[in-house]
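Please open the structure in your viewer and keep the selection panel at hand. The stops below say what to select next and what is to be found there.

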Amino acid sequence: MKGAILGITRAVHLVDITHEVAPHDVIEAALALEAVVPVFPPGTVHVAVVDPGVGTARRGIVLESDGQFLVGPDNGLFTPFVARPRWRAFELTASEYRLPLVSRTFHGRDVFAPAAAHLARGVEASRFGPPVTDPITLRWPSCRHVRGRIEGEVIHVDRFGNLVTSIDAPTLDALDGPVSVRVAGRTLPLIGTYGDLRPGGLGAMVSSASRLEVAQRDGSAAARLGARRGMRVVVSSSKRSTGKRAIAS
Amino acid sequence: MKGAILGITRAVHLVDITHEVAPHDVIEAALALEAVVPVFPPGTVHVAVVDPGVGTARRGIVLESDGQFLVGPDNGLFTPFVARPRWRAFELTASEYRLPLVSRTFHGRDVFAPAAAHLARGVEASRFGPPVTDPITLRWPSCRHVRGRIEGEVIHVDRFGNLVTSIDAPTLDALDGPVSVRVAGRTLPLIGTYGDLRPGGLGAMVSSASRLEVAQRDGSAAARLGARRGMRVVVSSSKRSTGKRAIAS
Amino acid sequence: MKGAILGITRAVHLVDITHEVAPHDVIEAALALEAVVPVFPPGTVHVAVVDPGVGTARRGIVLESDGQFLVGPDNGLFTPFVARPRWRAFELTASEYRLPLVSRTFHGRDVFAPAAAHLARGVEASRFGPPVTDPITLRWPSCRHVRGRIEGEVIHVDRFGNLVTSIDAPTLDALDGPVSVRVAGRTLPLIGTYGDLRPGGLGAMVSSASRLEVAQRDGSAAARLGARRGMRVVVSSSKRSTGKRAIAS
């Protein structure tokens, strides 16, 4: 893919975000995009290829959102961005922005990387093909706030064994006072940062991607709790409790 | 290695292809080069270091092929390029294109990266040392076409569990009509792309590197078939059959 | 982190050294820095984030040593450079060189990457905050030379299964004549390079990072010897021996 890009333009910085998304795991890839896209300067082109439908009728698209461009298969990868108020998308059909020969097995190289290079050169997104108003979106795990409780789920286990949840920082901020987090039959404190835990301790915190995460200091929370994707997570306000705060051992 | 390069020239794009070749697996590295080198623009310098013989009498070389430069140990890494009609190679002996101190354990840093940087700066390949007319070549797994059958073998298992074979697209194209693929006691259909498989289905297809590959949708073909490097793969024309096409379950 | 850097300056080469340091393994990260920093051209900015104390009272620092800049948490990551004669360090407190919002969980993105970008732009290290004269240092495994013997330990096992030791090349050079290396109950020869071993053979050699390493040809010395970090390694001069040189089988 980088070879295809450099054959079109050299006026780029090529940055790898991750090559460690599990095969075909579109949700994990979408979470990675959600976390990193906003940190890049406006006008950045992000190419994402988790593409089990390559070579079938699934479309390729470019999606523009908040001044950033996302290029890849139309399979739900860009769900977090479609959920936002302003975006536009176009199908990648124009042959002049593809490699001369397009395989049925690697559109990353033959379609997406060339489109990204042309976008980086300044080609207008609308020139790649017809508008797409109905991009595929994933069932995106979210959370519910009901009478002092937020209910969500584990949506990803990262390489440190941290549990990433569907509970986002703004929803969490709506709970008053001290809260505690229940997951896998355990009640954990909400802490500010990893280093607030004592060695071996478990806790929940707001991650750098603005999601509630569960971590174990010097260990894997996933292994300790036997937790996996889909497991329920509940945050409860503990302001009406006796004041005895739950501390994980 | 990148530090050594940037100490010589900064007018480069540094691109990582892979750091995941199995230790000492020269064939896997040669396959990676075969797949990626042609996609890069002419004049690209490719440095490859799978180098169990570092510090021994094995030579270091630069090989020029189709306008691309390959730099590394002379241990067979560049076999796919030596098999092509036009190439020339030179031994890396000139001390002015090495780091001042050359270790016996890391020529990637001390010899190959500096040579690559000087090539990128425009130094002529012939200035690095004497011509090499007999580079080491690997026994390169190939395939035989005999009366309507192509016989080859599994030459690599990739990180998705796909089986890369020694059967190349041009040889395959010479078979008329529908074909089926036998491997590990199973008969699989030849399909166009991964997404043509139903969930869990097995099939063979021509990869983006123009090789026959065997894949399982949403799974590992290697695990499912108990397949490994060296296992026999046979493609048979099924045009004289009853027309009932073999479909993998 | 790269997004944060490119939002501040694009006049940089972004180079990844490793993303494979074990979680929270400050010693492994410090060894990686020790090995690579000196190879980069003067003025390079090295950002290292193995940071279990993020968001706590631990400081962030920039350390300048031999014309190179190191940026990261003050947790011992830079121990090899503090051991050298000339360095200076400053705490990263100036808000104008951080992202506008600093999380408590990812200073790599919010503090260290921005500081690195500003250093690359030419901002003087002293402008980031007050001088730091007492950076945290690790107990750095070293070696002792006593009457013809050097005693050290295994300090890291790399991905090839090689044992990196605390015995450095200058100390080793002080032993006269032929030497042999004892580790895990075995006596191994000191060889010049990996390729001097016969297939399956074990030996010790000076690595490209100027440390004594133990390797097995075509295998993992760690697995073969059951070796792990902390295991004792002794190098003995064999000049008073019978001249029969120990050869590993």
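A residue is called buried when its relative accessible area is under 20%, exposed when that value is over 50%, and partly exposed in between. Please also keep in mind throughout the tour that this is a predicted model.

**Stop one: a network of charges in chain A**

Begin by selecting Glu151(A), which counts as buried because its relative accessibility is 18%, a value under 20%. Then add Arg149(A), whose side chain meets that of Glu151(A) in a salt bridge at 3.3 Å, N to O; Arg149(A) itself counts as partly exposed, at 33% relative accessibility. Now bring in Arg232(A), since the side chain of Glu151(A) also forms a salt bridge with Arg232(A), here at 3.4 Å, N to O. Glu151(A) belongs to strand β6 (residues 149–157) of chain A and Arg232(A) to strand β12 (residues 232–237) of chain A, so this pair ties together parts that are 81 residues apart in sequence. To complete the picture, add Arg144(A) to the selection, for Arg144(A), Arg149(A), Glu151(A) and Arg232(A) are linked in a network of salt bridges.

Which salt bridge joins Asp51(A) to another side chain? Select Asp51(A) together with Arg58(A), and you will find their side chains meeting at 2.8 Å, N to O, with both residues buried. Over all chains, the structure holds 45 salt bridges.

**Stop two: two loops**

Next, select Thr137(A), which sits in the loop between α4 (107–120) and β5 (144–146) of chain A. Is Thr137(A) buried, exposed or partly exposed? With a relative accessible area of 44%, Thr137(A) is partly exposed. If you set aside its neighbours within four places in sequence, the residues in contact with Thr137(A) are Gly76(A), Thr79(A) and Val82(A). For a sense of distance, draw a line from Thr137(A) to Leu188(A): the two are 51 residues apart in sequence, and their C-alpha atoms are 33 Å apart in space.

From there, go to Asp218(A), in the loop between β11 (211–216) and α6 (221–225) of chain A. Although Asp218(A) is not a glycine, its phi is positive, at about 60°, and the residue is partly exposed, with a relative accessible area of 47%. Then turn to Asp218(B), which is found in the loop between β11 (211–216) and α6 (221–225) of chain B. Here phi is near 55°, again a positive value in a residue other than glycine, and Asp218(B) is partly exposed, with a relative accessible area of 45%.

**Stop three: where chain B meets chain A**

Colour chains A and B separately, and look at the contact between them, which takes 19 residues from chain B and 20 residues from chain A. Between them the two chains bury about 1,600 Å², 60% of it on carbon and sulfur atoms. Within the area that chain B buries against chain A, His13(B), Val39(B) and Ser208(B) supply 32%, more than any other three residues.

Across this interface there is one salt bridge, and to see it you should select Asp196(B) and Arg104(A), whose side chains meet at 3.3 Å, N to O. There are also eight residue pairs in polar contact across the interface of chain B and chain A. The side of chain B that touches chain A is made up of nine nonpolar, six polar and four charged residues.

**Stop four: where chain C meets chain A**

Now show chain C, of which 20 residues are in contact with 19 residues of chain A. The area buried between chain C and chain A is about 1,600 Å², and carbon and sulfur atoms give 60% of it. One salt bridge crosses this interface, and selecting Asp196(A) and Arg104(C) will show their side chains meeting at 3.4 Å, N to O. Eight residue pairs are in polar contact between chain C and chain A. On the side of chain C that touches chain A, helix α1 (residues 2–6) of chain C gives the most, with four residues, while that side as a whole divides into nine nonpolar, seven polar and four charged residues.

**Last stop: the axis**

Finally, superpose chain B on chain A, which takes a rotation of 120° with 0.0 Å of shift along its axis and leaves an RMSD of 0.0 Å. That is the relation of a three-fold axis. Which residue of chain B comes closest to the rotation axis? Select His13(B), whose C-alpha atom lies 4.7 Å from that axis.

How values were computed: Residues numbered from 1 in each chain as written. Chains lettered and ligands numbered in written order. Predicted model: local features only at pLDDT ≥ 70, side-chain atom pairs only at ≥ 80, totals over all residues. Heavy atoms only, no water. Contact = heavy atoms within 4.5 Å. Buried area = accessible area lost by both parts, 1.4 Å probe. Salt bridge = Lys/Arg side-chain N within 4 Å of Asp/Glu carboxyl O. Polar contact = N/O pair within 3.5 Å; in protein donor to acceptor, adjacent residues only side chain to side chain. Nonpolar A, V, L, I, M, F, W, Y, C, P; charged D, E, K, R; others polar. Buried < 20%, exposed > 50% of the residue type's maximum accessible area, 1.4 Å probe, protein only. Least-squares fit on C-alpha atoms with pLDDT ≥ 70 in both.
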